[in-house]
Structure formats: C-alpha cells, structure tokens
Amino acid sequence: MSSEEDERFMRAALRLAEGAGAAGEVPVGAIFVRNGRIIGQGANAREATGDPTAHAEIAALREACRAAGSWRLEGATLYVTLEPCPMCAGALVMARAEKVVFAAADPKAGACGSLYNLCTDPRLNHELLVARGVLAEESAKLLADWFAHRRA
C-alpha cells in the first residue's frame, strides 16, 4: 500500500481511538484491511466490558475473522494507533496476518520492536511485516492529552 493509503486507514483508526477516549477508555483504535477494504475495526473497551482482553486490536481481529469466515487473516493488514502489546502481537501471529502498521511506539509494553519483537521472531510459526510511525505524532498527542486530562 502507498503511504497515502496507510495514512487514510490510520486516520480511520485515530477516529476510533478518539471515540474510545471520549468513552473513558485509553484512546486506541484499530482497523483491519484486506484488498483495500476495511474488514474489521475496534477500539479499547476494557473499562466498559471489564475484560482485560478488550483491546482495540482484539476487537478488530474478531470482527475481521467473522468477515473473512476464517481465523486466518492472510493478506490482511492491521492499522493501530499504538504499538501492539504482547497479547495482541501474539494474536496477530496466530491469525497469520500479513502486516501491522502502528502509529505511536509503546516503550513500556510494545511487542513489535520497542520492548519485544513477537511479530518478527523467526522462532514462531509466522512472521508479519511491521511498519512504524504512520501518524505517530497525532497518536502520541492523543494519548498524552488523554492521560494528562485523567491525571488532572
């Protein structure tokens, strides 16, 4: 995909993140794309659901699998506003996704290069392509502003 398409899909993920933040969730949004079409989307919902696995990536993954009619997401790309954690990166590997594109790095829990490298670990059964930094400043600002507001 072109950088223009990457930015378009990441902007859609940022809109989902903004909605999550407005609902009191950590503002993270995720979009799964295959063949230029959105097949799944999600936003953080841990507070609303009381479910520690209710990350944006997991919600988008579940919706994408339903749309694909399979747990295998070959040829699909995940766009997410924050670098996936170990749980989400592991789920991407298990789903055989092709690529993950993330905006802001997560030095405390990132599993796509910051803290761990689960998506590109050759010891696992599948490796994903990883692209970093698409609209990183916008995503980082959204997160920083949300946390500053919560602490105030």
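**Thr77 and its strand**

I began with Thr77, which counts as buried at 9% relative accessibility and has its place in strand E3. I keep in mind throughout that this is a predicted model. Setting aside residues up to four places away in sequence, I found that Thr77 touches Ile31, Phe32, Val33, Lys99 and Val101. I then followed strand E3 (residues 76-82) to strand E4 (residues 99-104), and noted that the two pair in the parallel sense over five bridges. For Tyr79 I looked up the bridge partner in E4, and I recorded Val101.

**The sheet as a whole**

In what order do the five strands of the open sheet run? I read the order as E2-E1-E3-E4-E5, with mixed pairing. Strand E2 (37-43) and strand E5 (129-132) stand at the edges with a single partner strand each, so one side of each is left without a neighbour in the sheet. Ignoring direction, I have neighbouring strands of this sheet turned by 15 degrees against each other on average.

**The E1-E2 hairpin and Asn35**

I went next to E1 and E2, which pair in the antiparallel sense over six bridges; here Val33 has Ile38 in E2 as its bridge partner. The hairpin of these strands has two residues between them, and within it Asn35 takes a positive phi near 55 degrees. I wrote this down because most residues other than glycine have a negative phi. The loop that holds Asn35 lies between strand E1 (29-34) and E2. Is Asn35 buried or exposed? I count Asn35 as exposed, since its relative accessible area is 74%, where the cut-off for that word is over 50%.

**Helix H4 and the residue after it**

For H4 I listed the buried residues, which are Cys88, Ala89, Ala91, Leu92 and Val93. What do these buried residues pack against? My entry reads E1, helix H3 (56-68), E3 and E4. H4 is followed by Arg96, and there I again met a positive phi, near 65 degrees, in a residue that is not a glycine. Arg96 has its place in the loop between helix H4 (86-94) and E4.

**His126**

Arg96 came up once more when I looked at His126, whose contacts, leaving aside neighbours within four places in sequence, are Val93, Arg96, Ala97, Cys119 and Asp121. His126 lies in the loop between E4 and E5, and with a relative accessible area of 18% I enter this histidine as buried, the cut-off being under 20%. I also checked the separation of His126 from Ala97: the two are 29 residues apart in sequence, and from C-alpha to C-alpha they are 8.7 Å apart in space.

**Phe102**

I returned to strand E4 for Phe102, which lies in that strand and is buried, with a relative accessible area of 1%. Which residues is Phe102 in contact with, leaving aside its neighbours within four places in sequence? I noted Met10, Val80, Leu82, Glu83, Pro84 and Cys112 among them, together with Val130, Ala131, Arg132, Gly133 and Val134. I also looked up the pair of Phe102 and Ala13, which are 89 residues apart in sequence and 9.9 Å apart in space, C-alpha to C-alpha.

**Helix H5 and the largest pocket**

I then turned to helix H5 (residues 136-151), which lies across E3 and E4 and runs at about 60 degrees to E4. This helix led me to the largest pocket, since H5 gives the most to the lining, with four residues. For the volume of the largest pocket I entered about 450 Å³. The pocket is lined by 20 residues, and those lying nearest its centre are Val26, Val28, Leu82, Asp106 and Leu143. How does the lining of the largest pocket divide into nonpolar, polar and charged residues? I recorded 13 nonpolar, two polar and five charged. In closing the entry I cross-referenced Leu82, which I have noted among the residues nearest the pocket centre and also among the contacts of Phe102.

Key: Residues are numbered from 1 along each chain as its sequence is written. This is a predicted model: local features need pLDDT of at least 70, side-chain atom pairs count only at pLDDT 80 or more; totals for chains, interfaces and linings use all residues. Side-chain values use heavy atoms; hydrogens and water are left out. Two strands pair if DSSP finds at least two bridges between them. Axes are lines fitted to C-alpha atoms, for helices over the stretch in contact, and angles run from 0 to 180 degrees between N-to-C directions. Contact means heavy atoms within 4.5 Å. On a 1 Å grid over the protein atoms alone, a cavity is a set of points where a 1.4 Å probe fits but cannot get out, and a pocket is an open set with protein on both sides within 12 Å along at least five of seven lines; lining residues have an atom within 4 Å of a point. Grid points are joined across faces, edges and corners, and a volume is the space filled by probe spheres set on the points. Ala, Val, Leu, Ile, Met, Phe, Trp, Tyr, Cys and Pro count as nonpolar, Asp, Glu, Lys and Arg as charged, and the others, Gly among them, as polar. Buried means under 20% relative accessible area, exposed over 50%, partly exposed in between (1.4 Å probe, protein chains only).
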